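Visitor: Please take a close look at one loop of this model, and then follow the surrounding architecture outwards from there.

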Amino acid sequence: MFGHLGVSPELTAVYELLVTGGSRTTDEIGVSGAQLQRLRELGVVRHLPGDVWQAVAPDLAVEAVIAAREEEHRRARADVGPLMELYLRNRDEELADNAFVEVVSGRDAVLDLWRTLLRGAREEVRVLDQPPYLSPQEEHAVLEDSTRQRDVRWRVVYDRSAVDLPGRVTEIIELVAAGERARVTPTLPFKLAVVDTHAAVLPVVNGDVIDKVLLVRPSPLLDVLRSTFELYWDKGIPFSPGGIYAAESGVDPNLLGLLAAGLTDESIARQLGLAPRTVQRRVRQLMDRCGAQTRFQAGVQAMRRGWL
């Protein structure tokens, strides 16, 4: 019952024994007094006269354990300040002078940092997404899903070059269906991930390889990066392929979403498995329906009409 809250299986078993078997003495329970006292400190059992132990009602017990864990989290956060000072004091002078930015080099070290940041995410992860990538998309999807189990929100702005990768539209559709909010824009200035309000990861791309990242802690630079994300989020087109967003009857949401993202007819045809001529014909029909002279005007009209 308490496994997800950090209570040991042994203590959980004692509590469940008292729930299912009723009140018992220490001798009848058969565990040490220290273990029973720990359960009492957690607020899940009562010690009655005659050395009798009684379980607290499960709904109240769960809330008591959650409250205890939250207090532990509060104390842990309070300890971070002094520990951070010690951490920086033991680094070289150059790093200490620029403590709000740390360079992390090497593929494995970067992946470990990303996993650690996601494990600590509590509210929202914001991403500017464009190639290249360090890990397979399947691994990223698992990490993103694990954060959503803690009700962490995801907002992602995809560069057109990311959407144009083979099979990527299907992957993004699955992420959006799972809860990700996604938008697409023709170009992004760089890759970026912002975790809550306490950290950002800014990859350093060397050709087609990411060989290091900048870990940015709370600072004016982090504020700028957060604002940059919001700027591109506001400019982005909502990702609509697969009917994730409602579209006008008779309008293909797959085609509309990719057209709004700025993909060429050839790229749209490849993503949708259609012949280029078929895509050209459908784009022309959409432009005629909107009264648009260009593809860009068609995208603007689609947004004004609420199709995206």
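Guide: Asp196 sits in the loop that connects strand 8 with strand 9, where helices (H or I, at least four residues) and strands (E, at least two) are DSSP runs numbered from the N terminus. Although Asp196 is not a glycine, its phi is positive, at about 50°. With a relative accessibility of 8%, Asp196 counts as buried; the term stands for under 20% relative accessible area, while exposed is over 50% and partly exposed lies in between, with a 1.4 Å probe and protein chains only.

Before going further, note that this is a predicted model, in which local features need pLDDT of at least 70 and side-chain atom pairs count only at pLDDT 80 or more, whereas totals for chains, interfaces and linings use all residues. Residues are numbered from 1 along each chain as its sequence is written, and side-chain values use heavy atoms, with hydrogens and water left out.

The two strands that flank the loop, strand 8 and strand 9, belong to an open sheet of eight strands with mixed pairing, in the order 4-10-9-8-5-6-7-11; two strands pair if DSSP finds at least two bridges between them. Strand 4 (101-105) and strand 11 stand at the edges with a single partner strand each, so one side of each has no neighbour in the sheet. Helix 6 (residues 107-120) packs on this sheet and touches strand 4, strand 5 (124-129), strand 6, strand 8 (192-195), strand 9 (199-206) and strand 10 (209-216), contact meaning heavy atoms within 4.5 Å. The direction of helix 6 makes about 40° with that of strand 10; axes are lines fitted to C-alpha atoms, for helices over the stretch in contact, and angles run from 0 to 180 degrees between N-to-C directions.

Val110 shows this packing at the level of a residue. Val110 lies in helix 6 and, at 7% relative accessibility, counts as buried. Leaving aside neighbours within four places in sequence, Val110 is in contact with Val104, Leu134, Lys212 and Val213. Val110 and Asp211 are separated by 101 residues in sequence, yet their C-alpha atoms are 8.4 Å apart in space.

Towards the other end of the strand order, strand 6 (residues 153-159) and strand 7 run parallel and are joined by five bridges, with Val156 having Ala182 of strand 7 as its bridge partner. Strand 7 also pairs with strand 11 (residues 237-238), here in the antiparallel sense and over two bridges, and Val184 has Ile237 of strand 11 as its bridge partner. Of the five residues of strand 7 (residues 181-185), four are buried.

Helix 9 lies across strand 5, strand 6 and strand 7, and runs at about 160° to strand 6. Its axis comes within 11 Å of that of helix 7 (residues 137-148), and helix 9 (residues 168-178) crosses helix 7 at roughly 10°. These two helices are therefore roughly parallel to each other, given that angles under 35 degrees count as roughly parallel, over 145 as roughly antiparallel, 65 to 115 as roughly perpendicular and the rest as oblique. Helix 7 contributes Gln137, Ala141, Glu144 and Arg148 to the contact, and helix 9 contributes Arg168, Glu171, Leu175 and Ala178. Three of the residues in this contact are nonpolar, one is polar and four are charged; Ala, Val, Leu, Ile, Met, Phe, Trp, Tyr, Cys and Pro count as nonpolar, Asp, Glu, Lys and Arg as charged, and the others, Gly among them, as polar.

The loop between strand 5 and helix 7 holds Pro132, and the peptide bond that joins Pro131 to Pro132 is cis, with omega about 0°.

Asp51 invites comparison with the starting residue. Asp51 lies in the loop between strand 2 (45-48) and strand 3 (52-55), and its phi, near 60°, is again a positive value in a residue other than glycine. At 33% relative accessibility, however, Asp51 counts as partly exposed. Asp51 is touched by Thr26, whose contacts beyond four places in sequence also take in Val31, Leu36 and Trp53. Thr26 belongs to helix 2 (residues 26-29) and counts as buried at 16% relative accessibility.

As a setting for these details, the chain has 14 helices and eleven strands, and 40% of its 308 residues count as buried. Among contacts with a separation of 6 or more, 67% are between residues 24 or more positions apart.
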